[in-house]
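Here are my notes on this model, as numbered points. Have the structure open while you read.

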Amino acid sequence: MNLPEELKYSEEHEWVKEEGGNKVRIGITDFAQSELGDIVFVELPEVGDELEADSPFGSVESVKTVSELYAPVSGKVVEVNEDLEDSPENVNESPYSDGWMIVVEMSNPSDLEKLMDASKYKEMVSAD
């Protein structure tokens, strides 16, 4: 299981990368994409949408199931990975680079304090 140390992780299997200036890049973890199987469709919010931490912001559809995506932080969507519209498989092939989903400008940077580091996330998924 690939878990980059510099990222933060949510209980809902999203990763968060700090980009500076209260912005974070968000995607789903390697563990999540492997559990879902082949991803065939990704539904994401629009630029300008406001997200609330722990609320759904989109979904990922695989050949097995549809899973909701939950915002790990509150804020405004400032960028969306449009490439996933035509290449949803990027989430499977490269969840931490080409498979990123959105960039959010956080309204409450303290949301990051509730997220797990790589070792805590690994403990959580190993216990499942």
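What percentage of the 128 residues of the protein count as buried? The figure is 49%. Bear in mind throughout that this is a predicted model.

1. Overall fold. I'd start with the element list: the protein has four helices and nine strands. Reading from the N terminus, the order is β-β-β-α-β-β-β-β-β-α-α-β-α. The radius of gyration is 13 Å, close to the 14 Å that the globule rule gives for 128 residues, so the protein is as compact as a globular protein of that length. Along the principal axes, the C-alpha trace spans about 35 × 35 × 20 Å.

2. Contacts and surface. Take the contacts with a separation of 6 or more: 61% of them are between residues 24 or more positions apart. On the outside, the accessible surface comes to about 6,800 Å², and carbon and sulfur atoms hold 39% of that.

3. Charge. The count is 9 positive and 32 negative charges, and the mean positions of the two sets are 7 Å apart.

4. The largest nonpolar core. This one has 25 residues, and those touching the most other members are Val24, Ile26, Ile28, Leu44, Phe57, Met101 and Ile102. Which elements give two or more residues to this core? They are strand 3 (23-28), helix 1 (30-36), strand 4 (39-43), strand 6 (56-62), strand 8 (75-80) and strand 9 (102-106).

5. Met101 and the second core. Met101 deserves a look of its own. Beyond its neighbours within four places in sequence, Met101 is in contact with Ile26, Gly27 and Ile28, and also with Val42, Leu44, Val60, Leu69, Glu79, Val80, Asn81, Leu84 and Val91. There is also a second, separate core of twelve residues, with Phe31, Trp100, Met116 and Val125 among them.

6. Ser59. Is this serine of strand 6 buried or exposed? Ser59 counts as buried, because its relative accessibility is 12% and the cut-off for buried is under 20%. Leaving out residues up to four places away in sequence, Ser59 touches two groups you can pick out on screen: Phe41, Val42 and Glu43, and then Val66, Ser67, Glu68 and Leu69.

7. Ser10. Here is a serine in a loop, the one between strand 1 (8-9) and strand 2 (14-20). Ser10 is buried too, with a relative accessible area of 6%. What does Ser10 touch, not counting residues up to four places away in sequence? The list is Pro72, Leu115, Met116, Tyr121 and Met124. Met116 also belongs to the second core. As for Glu43, its C-alpha atom is separated from that of Ser10 by 19 Å, with the two residues 33 apart along the chain.

8. Positive phi values. Most residues other than glycine have a negative phi. Two spots are worth checking against that. Asn22 has a phi near 65° and sits in the loop between strand 2 and strand 3. Asp54, also not a glycine, has a positive phi of about 75°, and its place is the loop between strand 5 (50-51) and strand 6.

9. Exposure of those two. How do Asn22 and Asp54 sit relative to the surface: buried, partly exposed or exposed? Asn22 counts as partly exposed, at 38% relative accessibility. Asp54 is exposed, since its relative accessible area is 56% and exposed means over 50%.

Definitions and conventions
Residues are numbered from 1 along each chain as its sequence is written. This is a predicted model: local features need pLDDT of at least 70, side-chain atom pairs count only at pLDDT 80 or more; totals for chains, interfaces and linings use all residues. Side-chain values use heavy atoms; hydrogens and water are left out. The radius of gyration is taken over C-alpha atoms; the globule rule is 2.2 Å times the number of residues to the power 0.38. Buried means under 20% relative accessible area, exposed over 50%, partly exposed in between (1.4 Å probe, protein chains only). Contact means heavy atoms within 4.5 Å. Accessible areas come from the Shrake-Rupley method with a 1.4 Å probe; for residues, only the protein chains shown count as cover. Lys and Arg count as positive and Asp and Glu as negative; His and the chain ends are not counted. The place of a charge is taken as NZ of Lys, CZ of Arg, CG of Asp or CD of Glu. A nonpolar core is a set of buried Ala, Val, Leu, Ile, Met, Phe, Trp, Tyr and Cys residues joined through side-chain atoms within 4.5 Å.
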